[in-house]
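Student: I have a structure to read and do not know how to begin. Can you take me through some charged pairs?

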Amino acid sequence: MSKHMKLNRRNFLLKSGALGCSLAASPLVTPIAMAAAPGDNRLVVIILRGAMDGLDVVRPVGDPHFAALRPGLNQGDDALPLDGFFALHPSLTDLHPLWAKGELAFAHAVSTPYRDKRSHFDGQDILEAGIGADGRIRDGWLNRALAGMTNSEMRTAFAVGREDLLVLSGAAQVSHWSPNSVLTLSPQSRLLLANMYRDTPLFSASMSEAIALAETLDAGGDAEDYGDVREAMMQSTQAGQRGGVEEIAEFTAAQLLEETRIASFSITGWDTHSGQRGALTRALGELQKAIMTLRRDLGQVWQNTTVLAMTEFGRTARENGSGGTDHGTAGALVLAGGAVRGGKVYGDWPGLDELDLYQARDLMPTGDLRAYAGAALTGLFGTSRSALETRVFPGLDISEPPAIIR
Amino acid sequence: MSFDPELAEIRFGTGLGPAARPVADAGAMLDRLNRQDDAARKFEISGFDAQIADMREARLISKQVRQGSEAAKEQQQNLRNKMRQLQAEWFAATIARFSDSPDGMRERLTRFWADHFTIVGRRPATRPLAAIFVEDAIRPNLTGRFGDMLKAAATHAMMLDYLDQFQSVGEGSVVAENQGKGLNENLSREILELHTLGVDGPYDQSDVREFANLLAGFTYDQEGNVTYKPRRGSPGAETILGRSYGAKRPRLKDVHAALDDLATHPATAHHIATKLAVHFVSDQPDPALVAHMEAAFSTSNGNLMTVYAAMLEHPASWDLPLRKVKQPFDYMASSLRALGTSGKEISGLKQRDLRAGLANPMALMGQVWERPPGPDGWAEDGAHWITPQGLAARIQWALTVPLSLQQKLRGELPDPRDFARTALGGLADDQVLLAAQAAETRWEGVGLVLSAPAFQRR
């Protein structure tokens, strides 16, 4: 939310409190104005929490050292062919045909600038903040990218799900909602709540956004009696039982078919220290479902869509002693969508010889994954190189942006 | 500011309620922690030993299911239902303790430390055992030395399971040589990063590796009993933070020595003091408060009562306005306490009602019971919880569930004007009192008081 918007909203609340029961005049219940969104392109950023093993998802089967590093993990199953050198994890059978259609690509041996301590939580913060390893910025790169766009409206960018996503948080206004969330209130309760929240920005900002979204998403609205509120609550909690990634992707696609141009959500379950065969198959199943659901629901709009699925770091080149892998450094970035120049694994392959590994244990990072995110922003929304290097990803050199967007 | 009885119950306890008399002073608050744990006896959560038979059965059944037995499939479903029922019962017991106890700080400390040592039961048969971990490793160690809690929590079977330690085998150990198994760094890294030194602490990848080799040896047997097996330990000494542990043959006492040293390390004192201040007082605590608690931790070698006393005696702990946003569990449990719902009533609720009225709404608020997103536990930051969807879920809950619960319990909702005073005492501000008075119905008045920032914060 911009400073400007915050003040406006605060004024809304002050006014609505002062207006007493003149509800019809309250801007809180007026649907927000929908202005032209910036262009027709869509970007979906999926944060893969827990460190996806890029070497298992996009396997360098042509590297002479790969097999020896993974004697138990990657043997005896049928990886799906990509370009001859790389092959895809065998569980991604639904996603695999997108490669031939040119709608699926990867970048390999990429990382954020985060190094050495290999903490999930710092790693994810740096991934989402889009900053150098020593920075302490508390907003997300996708929000800073949005701040530079003209015509950006409340629903241009959407954080989907129950968590507060760092990658989209910051000064630019963003919508946050979860499938099945509802807000149903009597007019009087709405005014009394606004009055209680008016001096507490954290509550008043969330409240006015919740009211506006509940209104425009048809998730609640006016209640006449207890039965109405109770009914809305029951439906919400019952529907919330599904709560899976498919529902998140469906909701995201629905927003992208409306005013939303940028959306983000996360998928967990990538921290495969043991039993990686099963655990990674489960997590990849979720990612595959998310991408395929977006593709199905977006229809023609899929042609203008780019999905970036990124993780905080890769995992050790060698499998560990318990059928898994430990925290590493470089990994893989997944790109999908009709707007992507697919059928290609981007990046410079560093090799897996002992001497080629980072600290003799991890895949060596040869590319900054922020350069790919930056190239997507430029290709989809025209974000300039200088904006990328100074504001979105401060300090990043993006002199040779990878040509990932059609 | 200094000690205030109502603020003490709100900020360091489980909140105000019609049946609760606020504590007189900080000494009394601490003293209650040293007395016997009445709440645990009143609302019981059985110990780990009692579940061993179920775990053994679960293993047998899942083996038979893999072999294609249809009868076993049905048994498996029955066992899963039993586990779900147990999880619901212990969820209710945890809320009941919050709602009833005159010793609210014990409940709050239990939740704090359970989160500090986050574990998740990873399989249907072990999912409810998270509550048992808390009962075994956390609750009995609230008032002792931090090192004792560290040893109990970090080497509990549930932690060994959650962070893969039971599969880790030391480099060069007998088992590694004979069976081709090897090291897993997960527990080692999280002990250093999350449980003791903190991510800014003075350790590097080599310390992670060496400590993992030292920890190797810990595993559990078929019964779930934790054992230390020298055959799995790495031979020779390991160097952690510049200090050498262990000898030629792996020994349990060397692991304990390393844990004891980590527990009293200055970085640990800083990390723990910061986390406590953030959890209880403010997302951005006064550095003087942290320094005071850190000094108490260091000079007492991690005596937790000394650290709590330092927290309660520091003026910054009593600053107003209220800043900390209650997490969804605490929000719901303190609401029930304010409403006067007794622990007995809560623990008597049917599983269906617990789900519809408490567990499912809590998930919509962003918190799934016993399923934190990772080993770093739940977020502390208020902005994480008060999102549009999170706040909407709180308001919907506050408006509906108190009345539907009262209908089930054949009670009735209080007058909202009285309720504002019961729930907030002297912290009820004009806007809350206006809402309580101007609401059109009783259920809305009560819901609005529970939705007030003053009630959602502590």
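Tutor: We will go through salt bridges, one pair after another. This is a predicted model, where local features need pLDDT of at least 70, side-chain atom pairs count only at pLDDT 80 or more, and totals for chains, interfaces and linings use all residues. Residues are numbered from 1 along each chain as its sequence is written, chains are lettered from A and ligands numbered from 1 in the order written, and side-chain values use heavy atoms, without hydrogens and water.

Student: What is a salt bridge?

Tutor: Side chains of opposite charge can pair when their charged atoms come close. Here the term means a side-chain nitrogen of Lys or Arg within 4 Å of a carboxyl oxygen of Asp or Glu. Over all chains, the structure holds 48 salt bridges.

Student: How far apart are the closest N and O atoms of Asp56(A) and Arg59(A)?

Tutor: They are 2.8 Å apart. Buried means under 20% relative accessible area, exposed over 50%, and partly exposed in between (1.4 Å probe, protein chains only). Asp56(A) is buried at 2%. Arg59(A) is buried too, at 2%.

Student: Is Arg41(B) buried or exposed?

Tutor: Arg41(B) is exposed, at 56% relative accessibility. Its salt-bridge partner is Asp38(B), with the closest N and O atoms 3.9 Å apart. Asp38(B) is partly exposed, at 47%.

Student: Which residue pairs with Arg243(B)?

Tutor: Asp261(B) does, with 2.8 Å between the closest N and O atoms. Arg243(B) is partly exposed at 46%, and Asp261(B) is partly exposed at 26%.
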